[in-house]
Amino acid sequence: PLIDSEAPVMGRPGYQVSYLLVAGILLALGIIVVVFLREKPKDSKIEPTPAGKKKPRGSSWVGIDFQTAKKRPYFYMVVAIVFITGFSMQGIAGIYKAHMRDVGLDNTLVTNIISVYSLAFTAAKILVGVIYDKFNLRKVLFVCEGAAILSYLILAFIAPTATGAALGFVYAVAFAFAMPLETLVIPLITNDIFGNANYDKILGFLIAANYAGYAVGAPIVNLTFDTWGTYKPILLVLAVVMLCSMIIFQFIITASNKEKAKIIAATAQEA
């Protein structure tokens, strides 16, 4: 992974060898999946678990349906925050390498920072899941959104010094812990705040909002560079926006927990 993208390897630029390697791995994995995995093995003796007898996992609860969710103000607040998260995370993911080079960091150093980020991201997804299982959604959002804020601030002030190089690796780990906001955390939010009643429909709505953020974020973040000649202002703005999102989400969780407690109590009485 610690390949200098500018250096020739095996007679080719390093990035070309990397792409060929990734393509080969994906091809091999694709063949394995097609050959060995089946949706419904014909010789399977396993009977599906009846829907009404599934054991709840994590903080699963009966939930509210989509029509009810749309009547709750916090539903639209969640949609807005998920959109903003997609906007900021993808916007920054697309420019951080160029920004580091613009401020004077060496190409080899930038490549190594990217490698550390890739390795840390794998661990971060697992650890975020552990945090959710051991604690709750509040802690997950505090860790991931706090990591996003830290990573934006580091990028805003990073410089080509020994301290700047060290901060680059801190950025790599922080941004790795922020990225699950776009993937793992959205299903956790859906499960925790809205429950099982219309989980798939609400999840799809939130994912669509997140992708809309992707589409808008990248061009606008790049437009700010064309306007100001630097990414620093937008990095500071997004750090403040993410801080506001983190605070607002705490109120959203409090409001949803009150409704959750009432619904769970009512369901228990009916049973």
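## A guided tour, starting at Ala178

Select Ala178 to begin: this residue lies in helix 7. Keep in mind as you click around that the model is a predicted one. Is Ala178 buried or exposed? With a relative accessibility of 0%, Ala178 counts as buried, because the cut-off for that label is anything under 20%.

Now show what surrounds Ala178. Setting aside residues up to four places away in sequence, Ala178 is in contact with Met89, Cys144, Ala147 and Ala148. Draw a distance from Ala178 to Cys144, C-alpha to C-alpha, and you should read 4.5 Å, although 34 residues separate the two in sequence.

**Stop 1: helix 3 against helix 7**

Met89 is a good bridge to the next selection. Highlight residues 73–93, which are helix 3, together with residues 162–178, which are helix 7. Two packed helices are described by the angle between their axes and the distance between the axes. For helix 3 and helix 7, the axes come within 12 Å and cross at roughly 145°. This crossing is left-handed. Which residues make the contact? Helix 3 brings Met89, Ile92 and Ala93, while helix 7 brings Tyr171, Phe175 and Ala178. Colour them by class and you will find six nonpolar residues, no polar ones and no charged ones.

**Stop 2: the nonpolar core**

Stay with two of those residues, Ile92 and Phe175. In the largest nonpolar core, which has 71 residues, Ile92 and Phe175 touch the most other members. Which helix gives the most to this core? That is helix 6, residues 137–157, with 11 residues.

Centre the view on Ile92 and show its contacts. Not counting residues up to four places away in sequence, Ile92 touches Tyr152, Leu155, Tyr171, Phe175, Leu235 and Leu238.

**Stop 3: helix 5 against helix 6**

Next, select residues 107–134, which form helix 5, and add helix 6. The axes of this pair come within 7 Å and cross at roughly 145°. On the helix 5 side, pick Val128, Ile131 and Tyr132; on the helix 6 side, pick Leu137, Lys139, Val140, Val143 and Cys144, which they meet. By class, this contact has seven nonpolar residues, no polar ones and one charged one.

**Stop 4: Val140 and Leu141**

Zoom in on two residues of helix 6: Val140 and Leu141.

- Val140 has a relative accessibility of 1%, so this residue counts as buried. Beyond its neighbours within four places in sequence, Val140 is in contact with Val128, Ile131, Tyr132 and Val185. From Val140 to Leu181, 41 residues apart along the chain, the C-alpha separation is 9.2 Å.
- Leu141 also counts as buried, because its relative accessibility is 1%. Leaving out residues up to four places away in sequence, Leu141 touches Gly146, Leu181, Val185, Ile189, Met246, Phe249 and Ile253. To link back to where you started, draw the C-alpha distance from Leu141 to Ala178: 9.2 Å, for residues 37 apart in sequence.

**Stop 5: Ser256**

Select residues 232–270, which are helix 10, and find Ser256 within that helix. Is Ser256 buried or exposed? At 1% relative accessibility, Ser256 counts as buried. Which residues does Ser256 touch, not counting those up to four places away in sequence? Tyr74 and Ile193 are the ones to display. Then add Phe194, whose C-alpha is 7.9 Å from that of Ser256, with their positions 62 residues apart in sequence.

**Last stop: the whole chain**

Zoom out and colour by secondary structure. The protein chain has 10 helices and two strands. Where are the strands? Going from the N terminus, both come before the helices, since the order of elements is β-β-α-α-α-α-α-α-α-α-α-α.

Switch to a surface view. The protein chain exposes about 15400 Å², and carbon and sulfur atoms supply 68% of that. Of its 271 residues, 37% count as buried; Ala178, Val140, Leu141 and Ser256 are among the buried ones.

For a final overlay, try a contact map. Taking contacts between residues at least 6 apart in sequence, 79% join residues at least 24 apart. The Ala178 contact with Cys144, a pair 34 residues apart in sequence, is one you have already visited.

Definitions and conventions
Residues numbered from 1 in each chain as written. Predicted model: local features only at pLDDT ≥ 70, side-chain atom pairs only at ≥ 80, totals over all residues. Heavy atoms only, no water. Helix = DSSP H or I, 4+ residues; strand = E, 2+ residues; numbered from the N terminus. Buried < 20%, exposed > 50% of the residue type's maximum accessible area, 1.4 Å probe, protein only. Contact = heavy atoms within 4.5 Å. Areas by Shrake-Rupley, 256 points an atom, 1.4 Å probe, with all protein chains shown as cover. Axes fitted to C-alpha atoms, helices over the stretch in contact; angles between N-to-C directions. Left-handed = near helix turned anticlockwise from the far one by under 90°. Nonpolar A, V, L, I, M, F, W, Y, C, P; charged D, E, K, R; others polar. Core = buried A, V, L, I, M, F, W, Y, C linked by side-chain atoms within 4.5 Å.
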